[in-house]
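This report describes a protein model and its metal site. The sequence and structure are shown first.

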Amino acid sequence: MKININLLPKIIILFICFSACNQNYEESTGYIMTVNGKISPEQMGISLPHEHITTDFIGAEKVKQPQYQQDSAVEIILPHLNKLLENGVNTLFECTPNYIGRDVKLLQRLSELSQINIITNTGYYSAVDKKFLPAHAYTETKEEISAHWEKEWMEGINGTGIKPGFIKLGVGKGKLDSIEVKLLEAAILLSKKSGLTIAMHTGDGEAAKDEQRILEANGLESGQMIWVHAQNGTDEERELLAKKGVWVSLDGISEKRIEEYLQMVSYLKEKNLLHQLLISHDDGWSVENNDGEISLKLFGNGNSKPYSTIFEIFVERLTFAGFTRDEITQIMVENPKKAYVIDPIGN
Ligand SMILES: [Zn+2]
């Protein structure tokens, strides 16, 4: 039998799906909170732990969202989510925070139509010179800020009943400043009560080390934190934090940077740290408004189409580099479950 080489990535993904269905792994306790309610971690299948669907970079104090008709956004976005399902993906973590265009009703509708599990978040993003931080984040205490996020967790986001499945924060480079520390401590308060994982968009390894130190000082396990954009650190920094139990998320895989990511993943494999690794594209759209003409523009992050480079290129490259089916399953199925599972009893 001749195997069409173009089918190879699909065959590899099919094997991963097969492995995911034939659990050789310990059953997870706890649950995952999607925009359509709780699911068991076993229902996640192949997961993308850091992507975006819509974003709006106008700024926290200006944003009047959404700036599009939901129907037209659904029409443009849905085919890409359907394609994800074809690629074997069942679950997508939507990492767009409040004040950058988070639109949970749109996510819910897209999830219902595509049958992809979508998970949204609570929290504030203070990277990029705090352009996306609301004014009250400066004046309120960590307890008051945490209470806003807890309300979303307990009652749903803005009266929708849709609950966040993780906390998303964003910080810049270097040691955290006082506002960033306050936001992280607010997130730690909520994580301890709820079991929600904290996904930290982080400018560099120095900032990531500081975050882990703050977690430890506040008595929260390092495994409750994902170092988002860990590709901005060094191999040694990723090794150090992965050994402490932090989730290392290499989430900017693109057509142009395949070799770089292969090297970063291989380094973690050499150090026996694949069990702390997450991979994703960090793909998504921003809303463009040209004289009243609304369109969605793909992020310019090196991918010509969203959410596909891992399945069409990277998995095949991992296989050729000697990664086993079990290792790839661990990275794409098992690790996202463990990173995002909500298990209040375990905290
Ligand atoms: Zn992102």
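A residue is called buried when its relative accessible area is under 20%, exposed when over 50%, and partly exposed in between, with a 1.4 Å probe and protein chains only. The model is predicted: local features need pLDDT of at least 70, side-chain atom pairs count only at pLDDT 80 or more, and totals for chains, interfaces and linings use all residues. Residues are numbered from 1 along each chain as its sequence is written, and side-chain values use heavy atoms, with hydrogens and water left out.

**Overall.** The protein chain has 347 residues, of which 58% count as buried. It holds 11 helices and 14 strands; these are DSSP runs numbered from the N terminus, helices being H or I of at least four residues and strands E of at least two. Of the contacts (heavy atoms within 4.5 Å) with a separation of 6 or more, 77% are between residues 24 or more positions apart.

**Zinc site.** H50 (NE2), H52 (NE2) and D282 (OD) coordinate the zinc ion at 2.1 to 2.3 Å. Donors are N, O and S atoms within 2.8 Å of the metal (3.2 Å for Na, K and Ca); water is not among the atoms, so the site may look incomplete. Along the chain the donors are spaced H-x1-H-x229-D. H50 and D282 lie 232 residues apart, and the pair links distant parts of the chain.

| Donor residue | Location | Relative accessibility |
|---|---|---|
| H50 | strand β3 (residues 46-51) | 1%, buried |
| D282 | loop between β12 (277-279) and β13 (285-290) | 16%, buried |

**Sheet.** An open sheet is formed by 6 strands in the order β7-β8-β9-β10-β11-β12, with parallel pairing. β7 (121-122) and β12 are at the edges with a single partner strand each, so each has one side without a neighbour in the sheet. Two strands pair if DSSP finds at least two bridges between them. Strand β9 (residues 198-201) and strand β10 (residues 225-228) are joined in the parallel sense by 4 bridges, and A199 is opposite I226 in β10.

**Helix pair.** Helix α2 (residues 70-86) packs on helix α3 (residues 104-114) at about 45°, the axes being 9 Å apart. Axes are lines fitted to C-alpha atoms, for helices over the stretch in contact, and angles run from 0 to 180 degrees between N-to-C directions. α2 is therefore oblique to α3: under 35 degrees counts as roughly parallel, over 145 as roughly antiparallel, 65 to 115 as roughly perpendicular and the rest as oblique. Residues making the contact include V74, I77 and L81 of α2 and L106, L110 and L113 of α3.
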